[in-house]
Amino acid sequence: MPHSLDQRAELAAHYDLTPSMAAAEATRDIYARMERVVPLADWAVFAPYVIAINRLKAQRNAVILGHNYMTPEIYHGVADFVGDSLQLAIKASEIEADVIVQCGVHFMAETSKIMNPGKIVLMPDMAAGCSLAESITATGIAEMRAKYPGAPVVSYVNTTAEVKAASDVCCTSANALQVVNAMPGDTVIMTPDQYLARNVAALTHKRVVWWEGSCIVHELYTAADLRAYREHDPEVKIIAHPECTPEVVAEADFTGSTKGIIDWVHQHKPAKAMLVTECSMAANIADELPEVEFAKPCNMCPYMKMITLEKILYALHTMRGEVLVDPDISDRARVAVQRMIDISRAAA
Ligand code: 13P
Ligand code: SF4
């Protein structure tokens with residue numbers, strides 16, 4: 001990827017990207033979905049990019065998939081489909097357009113390519129990784145298999161294609177328990193998130209053994225912090241992601257995937273909610289739920305935040321940043337992802 005100043009100059013030569021109240025006015029309907037969290041002055045900066053991206057998307061026959069952790073101007077402004085990792089993996093397999101722009105992190109783009117290999121999958125920033133995906137390789141999977149012979153390997157989708165290919169099945173935070181329960185035998189290996197594994201271990205009769213990876217965003221929350229917040233504000237509902245420690249999960253009123261969290265808040269509409277996850281989650285649903293006050297703190301994922309409107313426009317403009325997966329690895333990884341989808345569907 002070129003330096004961002006070169007990127008900006010290249011874009012300025014082709015698009016009018018100067019902050020504009022006229023552009024902000026012309027996109028009022030989109031802005032209405034994030035008015036509570038994005039100041040109008042900021043929208044005047046974003047709106048020219050949103051207009052340019054949405055036009056270019058049609059010209060390139062492209063679809064933008066956005067994870068729930070994208071910032072509101074991406075989530076509401078340019079994404080065609082938003083969701084958690086499971087929803088995005090399923091959606092990727094159904095896309096008919098020529099191009100998928102993955103607004104999320106690299107493993108999500110690989111999953112889209114694995115599930116729909118005939119499409120061009122673009123990543124606006126190749127450096128958008130994930131501490132979990134970086135914590136294990138296929139060699140790590142082989143080590144776990146040697147340590148626990150015969151035990152099936154359930155790998156979180158937050159892994160590289162190579163790790164998925166070396167695993168028996170994948171899981172996401174939305175279906176980890178279902179997938180583990182569907183495995184044969186008494187012992188199940190879960191990689192690479194030790195906290196997701198420990199949270200599942202507390203709910204299943206299987207013996208769960210795990211790899212020692214963690215999410216740098218969710219492991220920052222502590223049970224003591226949450227107890228202090230609840231003491232300060234007994235009304236607050238605490239809603240956590242299962243990448244948090246079991247101690248944090250024990251403090252929560254509800255634990256679920258990013259989609260599970262959004263659904264829970266919509267269903268229960270608590271007067272105050274603290275989303276123990278990435279900051280954009282609350283920002284993206286704040287306007288849909290004016291009756292809910294979202295309490296801080298939240299933690300930011302530095303990888304997810306690498307994706308910006310400017311980089312999305314640049315990817316679509318240049319068609320650079322294509323994610324490729326070795327076909328043999330892709331075929332094996334698809335078996336693991338598809339098995340997970342089949343188990344989820346059967347359980348639903
Ligand atoms: P979800 O599958 O719940 O969206 O989680 C993905 C992720 O990276 C959370 O940190
Ligand atoms: Fe990875 Fe954690 Fe960021 Fe999700 S929030 S992408 S698990 S580092």
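Visitor: What makes the pair between ligand 1 and the side chain of Thr258 a polar contact?

Guide: An oxygen atom of ligand 1 is 2.6 Å from an N or O atom in the Thr258 side chain. A polar contact is a pair of N or O atoms within 3.5 Å (within protein, one must be able to donate a hydrogen and the other to accept it, and residues adjacent in sequence count only if both atoms are side-chain atoms). At 2.6 Å, the Thr258 pair is therefore a polar contact. This is a predicted model, in which local features need pLDDT of at least 70 and side-chain atom pairs pLDDT 80 or more, while totals for chains, interfaces and linings use all residues. Residues are numbered from 1 along each chain as written, chains are lettered from A and ligands numbered from 1 in written order, and side-chain values use heavy atoms, without hydrogens and water.

Visitor: Which distance to an oxygen atom of ligand 1 does the side chain of Glu243 give, and which does Asn158 give?

Guide: For Glu243 the distance from a side-chain N or O atom is 2.9 Å. For Asn158 it is 3.3 Å. Both values fall within 3.5 Å, so both pairs are polar contacts.

Visitor: Which residues surround ligand 1?

Guide: They are His67, Tyr69, Asp84, Ser85, Asn158, Ser173, His218, His241, Glu243, Ser257 and Thr258. The criterion is a heavy atom within 4 Å of the ligand.

Visitor: Why is the space lined by Ser85, Leu88 and others called a cavity?

Guide: On a 1 Å grid over the protein atoms alone, a cavity is a set of points where a 1.4 Å probe fits but cannot get out; lining residues have an atom within 4 Å of a point. The structure holds two cavities of 30 Å³ or more. In the second largest lies about 60 Å³ (a volume is the space filled by probe spheres set on the points, which are joined across faces, edges and corners). Its lining consists of Ser85, Leu88, Ala89, Gln102, Phe107, Met108, Thr111, Ser112 and Val157. Helix H7 (106-115) and helix H6 (85-94) each supply at least two of these residues, and H7 gives the most, with four. Helices here are DSSP runs (H or I, at least four residues), as are strands (E, at least two), numbered from the N terminus.

Visitor: What is known of the largest cavity and its lining?

Guide: The largest cavity holds about 250 Å³. Of its 27 lining residues, Tyr69, Met108, Asn158, Glu243 and Met304 lie nearest the centre. The lining divides into 14 nonpolar, 11 polar and two charged residues. Ala, Val, Leu, Ile, Met, Phe, Trp, Tyr, Cys and Pro count as nonpolar, Asp, Glu, Lys and Arg as charged, and the others, Gly among them, as polar.

Visitor: What makes the largest pocket a pocket?

Guide: A pocket is an open set of points with protein on both sides within 12 Å along at least five of seven lines. The largest pocket has a volume of about 380 Å³. Of its 20 lining residues, Ser173, Ala174, Pro242, Thr255 and Gly256 are closest to its centre. Helix H10 (176-181), H11, strand S10 (254-255) and helix H14 (258-268) each contribute at least two.

Visitor: How do you know whether Tyr195 and Gln194 are buried or exposed?

Guide: Buried means under 20% relative accessible area, exposed over 50%, partly exposed in between (1.4 Å probe, protein chains only). Tyr195 is at 13% and therefore buried. Gln194 is at 7%, so Gln194 is buried too. Tyr195 lies in helix H11 (residues 194-201), and Gln194 is in H11 as well.

Visitor: What does Gln194 reach with its side chain?

Guide: A polar contact of 2.7 Å joins the side chains of Gln194 and Arg198. The Gln194 side chain also reaches the backbone oxygen of Glu212 at 3.2 Å.

Visitor: Which residues does Tyr195 touch beyond four places in sequence?

Guide: Tyr195 touches Ser214, Glu219, Pro242, Glu243, Cys244, Thr245 and Pro246 (contact means heavy atoms within 4.5 Å). Tyr195 and Pro246 are 51 residues apart in sequence, yet 6.7 Å apart in space, C-alpha to C-alpha.

Visitor: What makes the backbone at Lys269 stand out?

Guide: Lys269 has a positive phi of about 40 degrees although it is not a glycine. Most residues other than glycine have a negative phi. Lys269 sits in the loop between H14 and strand S11 (272-276). Its relative accessible area is 40%, so Lys269 is partly exposed.

Visitor: Where do cis peptide bonds occur?

Guide: One joins Thr191 and Pro192, with omega about -10 degrees. Another joins Lys296 and Pro297, with omega about 10 degrees. Pro192 is in the loop between strand S7 (187-191) and H11.
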